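The paragraphs below lead through one protein model, beginning with a single residue and widening from there to the fold. Please keep the sequence and the structure in view while reading.

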Amino acid sequence: MRSFRLRRLLMATLFFVCSVADATEQSLLTLEAATQKVAQDNPDLAQMLARAKAMAAIPSQEGSLPDPQISFNAMSLPTNSFSTRPEDMTQIGFGLSQAIPFPGKLALREQAALYEAEAATLSADELRLRLLSDVKTLWWQVFYLDRTMEIVDNNHTLLHQFVDIARSKYEVGEGLQQDVLLAQLELSKLLDQKINLSGMRRSTAAKLNALLDQPANNPVQLPATLSIQMPEIRQEDRLYQQAETSRPLLESDRQGINAAQSKLELAQKEVLPDFNVEAAYGARNNMPDGTRRSDLLSLGVSMNVPIFAGSKQNKMIDQRNSELMQQRYALQDRWNTVRSEITQSHSDYQRAKQQFVLFDTGIIPQARQTVASMLAGYQVNKVDFLNLVRSQITLFEYETQYWKAFTEAQQALAQLCANVGGDDIYE
């Protein structure tokens with residue numbers, strides 16, 4: 001019986017430990033989870049998608065005829081009796097009229113609205129790319145701050161060991177009191193750095209939560225380890241070609257040019273008249289003496305006459321011409337900016353990658369060997385304590401720069417994907 005209870009207790013304990021581990025794993029915010037969440041929950045992207053959906057409903061409205069008008073009237077009704085029988089011209093009528101724009105105008109209006117709706121959809125795609133880049137940039141910044149604080153903690157532990165060694169040597173008359181004080185001063189500096197890093201992490205996490213539509217103080221816990229990769233990316237010229245066809249921002253500007261061209265063609269047609277077709281039917285009662293009176297039918301066509309074309313329609317053509325040129329210049333300027341952004345991100349990645357490899361394979365291993373050698377020399381009174389502390393501080397700086405280079409490389413990749421218009425940037 002006792003063994004059965006013990007076995008149940010062990011099983012319950014194991015279940016509790018596994019549950020805690022699963023909950024911890026699920027609470028970790030991976031980079032993939034962050035990018036999925038911003039694409040699903042970001043309110044700015046949601047409002048852009050709603051705008052694009054609203055714009056998509058406009059073309060059919062622009063391409064439809066104006067609503068017909070129905071009229072009812074009593075014509076030539078005598079005011080002394082309000083009877084429809086005595087007067088010959090008295091009639092009760094109803095009519096129907098339909099405005100008909102000159103052929104081609106409706107099609108051009110619908111076409112311009114279609115281009116603008118497509119541009120709105122592409123703008124939402126562009127915002128999605130930019131949000132993904134921003135989320136990745138902030139995520140990697142939090143990751144960097146976590147690694148830096150770990151390094152600060154490790155250095156804090158090592159400097160505590162230095163303090164113990166210096167104090168032990170001082171107590172036996174082989175060391176100096178200033179060595180102990182120097183080590184304690186460096187410990188205080190590390191504490192100050194950790195306070196600053198903690199504040200920066202809270203601020204960065206708040207910005208990340210805002211993009212993910214979460215409370216600013218929502219805890220952000222990232223995985224402690226991940227794969228360290230520095231992939232090869234394509235040459236700038238190939239990325240230019242890819243961006244020319246893949247970047248939604250450029251395609252949105254092209255759709256803006258198409259819309260401006262359609263509006264220009266529509267303005268050129270505005271000097272042509274629009275028509276209005278009318279039909280009216282008048283019902284008449286018989287005369288008081290029984291004489292039958294026939295009903296009346298009226299048909300008509302009217303049109304507007306653009307006699308003020310010089311100050312109205314022609315000015316509209318000038319306006320649309322200028323708007324078209326504006327759109328073309330905007331696309332040219334945007335293309336120059338995109339290429340500049342690609343080159344900048346490409347250069348940032350290559351620089352950070354080279355620094356990362358240098359720290360990983362050369363500087364940090366050498367700095368660690370230097371610290372180990374300095375510590376061994378200090379313990380046998382062959383190395384000054386100040387040089388030992390400086391070597392450890394130098395290693396701390398190099399380890400921090402190692403993670404900074406890695407983070408900047410990942411952030412440059414995130415920005416490069418957004419600049420090109422997709423993730424397919426690797427060799």
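Lys353 is buried in this predicted model, because its relative accessible area is 12% and the cut-off for burial is under 20%. This lysine lies in helix α9, and, leaving aside residues up to four places away in sequence, Lys353 touches Met230, Pro231, Glu232 and Ala409.

The same kind of reading can be applied to two residues of another helix, α10, where both Glu397 and Thr394 are found. Glu397 has a relative accessibility of 39% and therefore counts as partly exposed, while Thr394, with a relative accessible area of 29%, is also partly exposed, since that class covers values between 20% and 50%. The two residues can also be placed by C-alpha distances: the C-alpha atom of Glu397 is separated by 9.7 Å from that of Thr148, although their positions lie 249 residues apart along the chain, and the C-alpha atom of Thr394 is separated by 9.6 Å from that of Ile364, 30 residues apart along the chain.

How many helices and strands does the protein hold? There are 10 helices and 4 strands, and, read from the N terminus, their order is α-α-α-α-β-β-α-α-α-α-β-β-α-α. Of the 427 residues, 36% count as buried, and the protein exposes about 25,000 Å², of which carbon and sulfur atoms supply 54%. Among contacts between residues at least 6 apart in sequence, 82% join residues at least 24 apart.

The largest nonpolar core has 68 residues, and those that touch the most other members are Leu29, Trp139, Leu208 and Ile342. Helices that give two or more residues to this core include α2 (31-41), α3 (43-56), α6 (177-211), α9 (313-379) and α10 (385-420), but the largest share, 17 residues, comes from α5. For one of these core residues the surroundings can be given in more detail: not counting residues up to four places away in sequence, Ile342 touches Leu239, Tyr240, Ala243, Leu416, Asn419 and Val420.

Turning to the strands, β1 (residues 69-75) and β2 (residues 91-100) pair in the antiparallel sense over 7 bridges, and within this part of the model Ile70 stands opposite Leu96 of β2. Strand β2 is also joined to β3 (residues 275-283), again in antiparallel fashion, by 9 bridges, with Ala280 in β3 as the bridge partner of Gly95. When following these strands by eye, it helps to recall that in a regular strand the side chains alternate between the two faces of the sheet.

A last consideration is how far the prediction itself can be trusted from place to place. The mean pLDDT of the protein is 84, and 89% of the residues reach 70 or more. Among the elements, α8 has the highest mean pLDDT, 94, whereas helix α1 (residues 2-27) has the lowest, 46. Over residues 1-7 the pLDDT is below 50, and this stretch has 0 contacts in the model beyond near neighbours in sequence; over residues 9-26 the pLDDT is likewise below 50, again with 0 contacts beyond near neighbours in sequence. Where pLDDT is low, the predicted coordinates should not be read in detail.

Note on methods: Residues are numbered from 1 along each chain as its sequence is written. This is a predicted model: local features need pLDDT of at least 70, side-chain atom pairs count only at pLDDT 80 or more; totals for chains, interfaces and linings use all residues. Side-chain values use heavy atoms; hydrogens and water are left out. Buried means under 20% relative accessible area, exposed over 50%, partly exposed in between (1.4 Å probe, protein chains only). Contact means heavy atoms within 4.5 Å. Accessible areas come from the Shrake-Rupley method with a 1.4 Å probe; for residues, only the protein chains shown count as cover. A nonpolar core is a set of buried Ala, Val, Leu, Ile, Met, Phe, Trp, Tyr and Cys residues joined through side-chain atoms within 4.5 Å. pLDDT is the predictor's confidence in each residue, from 0 to 100. Two strands pair if DSSP finds at least two bridges between them.
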